[in-house]
Amino acid sequence: MRSGDYFFSRWKGRLIHSGIHILSHLRLLVRWVFYSVLMGILVGFIGIAFVYAIQWATGFRLGHWWVIGLLPLGGLLIVWLYRISHDQNDKGTNMVLASLRAETELPVQMAPLIFVSTVVTHFCGGSAGREGAALQLGGSVGNLLGRLFRLNERDIRVMILCGMSAAFSAIFRTPIAAAVFAMEVGCVGAMQYAALVPCTISSLTASYLASKLGIPLAHFSVAQVPGLHPLPALKILLLGILCAAVSILFCILLHQCEKRLKQKFPNPYLRILAASGILLLLLLLLRSRDYLGVGTNVISSAIAGKVVWYAFLAKMLFTAVTLGGGFKGGEIVPSFFIGATFGCLFGQLLHLSPSFCASVGMIALFCGVTNCPLASLLIAIELFGAQGTPYYLLAIAVSYLLSGYYGLYREQKFLYSKF
């Protein structure tokens with residue numbers, strides 16, 4: 001055989017081999033586009049319904065103050081619902097994270113249970129968020145669809161991540177951060193990039209649906225963002241350090257409150273009644289309903305530069321009792337509340353824009369409790385714009401390092417040392 005023929009046949013074989021690989025990858029892309037769009041539509045609609053249900057429950061409670069007195073009855077209803085569903089050992093978001101390592105399977109009833117119980121919690125005035133419930137909703141639906149399509153275990157885990165991204169995106173309207181957060185939160189130090197395309201498509205699909213059905217993009221206007229200079233940078237560095245300390249305190253308070261209430265009241269009915277009583281007592285002592293429900297009005301006030309000095313401490317206590325006692329909801333929006341109010345107070349004391357410090361504190365504390373620095377930075381940019389990005393990154397980096405191995409989720413794994 002001539003040398004020219006030899007090289008031609010060799011390159012021809014390589015081209016055919018490469019073409020087969022490209023076609024195989026294109027088929028894979030088409031398949032995941034289908035799954036991701038389907039997931040974004042399905043979970044998007046569920047997430048949108050969840051948002052409107054929470055808004056209705058919150059609006060009704062604000063217009064009828066007596067509803068707060070139904071807190072014990074709402075708590076008993078939640079416990080009963082989980083009892084009759086044989087899911088009384090529910091571990092919430094921790095179960096979703098464990099399922100990503102194929103250590104446990106998500107029960108089908110998780111989605112409707114967390115939907116109803118979170119709405120009941122907000123209706124009666126429990127201090128909780130929405131995004132933790134969103135992760136459970138999306139993860140449960142993703143697992144169900146993966147089983148229905150008879151996917152293998154690895155692909156089912158990708159479907160769970162798709163569902164988490166879509167739910168987070170539809171409910172909180174930060175689609176870019178939603179895709180990254182789902183991939184980042186399970187194992188600190190190892191992004192699950194195999195799910196990048198599915199999570200991105202499902203997140204954008206759910207966000208598009210939410211926009212068409214009247215849920216606006218999340219955005220806050222921050223006043224007086226300083227230029228990058230040594231003195232404000234040192235103050236933001238100090239704020240990052242303090243936010244790490246507050247994030248550790250919040251995580252310890254959450255876990256210890258749950259542990260102590262379970263020790264004192266092994267019966268879940270008695271435990272949630274005790275938690276209801278403590279919440280009502282705190283409400284009477286503080287004479288303020290600002291710490292019930294989501295608390296977005298207080299977050300907005302903090303971003304505007306107005307806050308009472310003890311707001312972050314009160315929210316930590318209300319949220320720890322609510323979730324530790326057995327009410328359902330998320331921990332993420334409470335962490336935003338705590339970070340924003342603490343940051344605003346810091347800005348007032350150190351004569352740096354309280355509005356800007358509230359935004360920095362909100363993101364730094366979120367990073368401290370979730371250990372997700374990349375998602376935290378993207379949330380900052382989506383919520384507040386890119387002008388303060390260097391300061392956000394500085395505070396996030398410091399908070400991530402100094403918060404150590406504390407976090408909201410016990411099932412979160414640290415693959416590499418922070419230090």
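Helices here are DSSP runs of at least four residues, numbered from the N terminus. The model is predicted.

**Stop 1: Glu331**

Select Glu331. Glu331 sits in the loop between α12 (311–325) and α13 (332–350). Show both helices to frame the loop.

Is Glu331 buried or exposed? Glu331 is buried, yet has no salt bridge. Which side chain of opposite charge is nearest? That is Arg410, 8.4 Å away. A salt bridge needs a nitrogen-to-oxygen distance within 4 Å, so the pair of Glu331 and Arg410, at 8.4 Å, does not qualify.

Now display what surrounds Glu331. Setting aside neighbours within four places in sequence, the contacts of Glu331 are Phe250, Leu254, Leu323, Leu408 and Tyr409. Label these five residues.

**Stop 2: Glu258, Lys262 and Arg410**

Keep Arg410 selected and add Glu258 and Lys262. These three residues are linked in a network of salt bridges. Arg410 thus appears twice on this tour: in this network, and as the nearest opposite charge to Glu331.

Zoom in on Lys262 and Glu258. Their side chains meet in a salt bridge, 3.2 Å from N to O. Why are the two about one helical turn apart? Because they lie four residues apart in helix α9 (residues 230–264). Colour the pair by accessibility. Lys262 is partly exposed, with a relative accessible area of 42%. Glu258 is also partly exposed, at 22%. The cut-off for buried is under 20%, so Glu258, at 22%, falls outside that class.

**Stop 3: Arg31 and Asp155**

Select Arg31 and Asp155. Their side chains form a salt bridge, with N to O at 3.3 Å. This pair links distant parts of the chain: Arg31 belongs to helix α1 (residues 3–63), Asp155 to helix α6 (residues 153–172), and the two positions lie 124 residues apart in numbering. Show both helices in full.

Check the accessibility of each partner. Arg31 counts as partly exposed, at 32% relative accessibility. Asp155 is buried, with a relative accessible area of 12%.

**Stop 4: Arg147 and Glu153**

Move to Arg147 and Glu153. Arg147 forms a salt bridge with Glu153. How far apart are the closest N and O atoms? They are 2.9 Å apart. Arg147 is partly exposed, with a relative accessible area of 31%. Glu153 is partly exposed too, at 41%.

**Last view**

Zoom out and show every salt bridge. The count comes to four. Then return to Glu331, which is buried and has none.

Note on methods:
Residues are numbered from 1 along each chain as its sequence is written. This is a predicted model: local features need pLDDT of at least 70, side-chain atom pairs count only at pLDDT 80 or more; totals for chains, interfaces and linings use all residues. Side-chain values use heavy atoms; hydrogens and water are left out. Buried means under 20% relative accessible area, exposed over 50%, partly exposed in between (1.4 Å probe, protein chains only). Lys and Arg count as positive and Asp and Glu as negative; His and the chain ends are not counted. Contact means heavy atoms within 4.5 Å.
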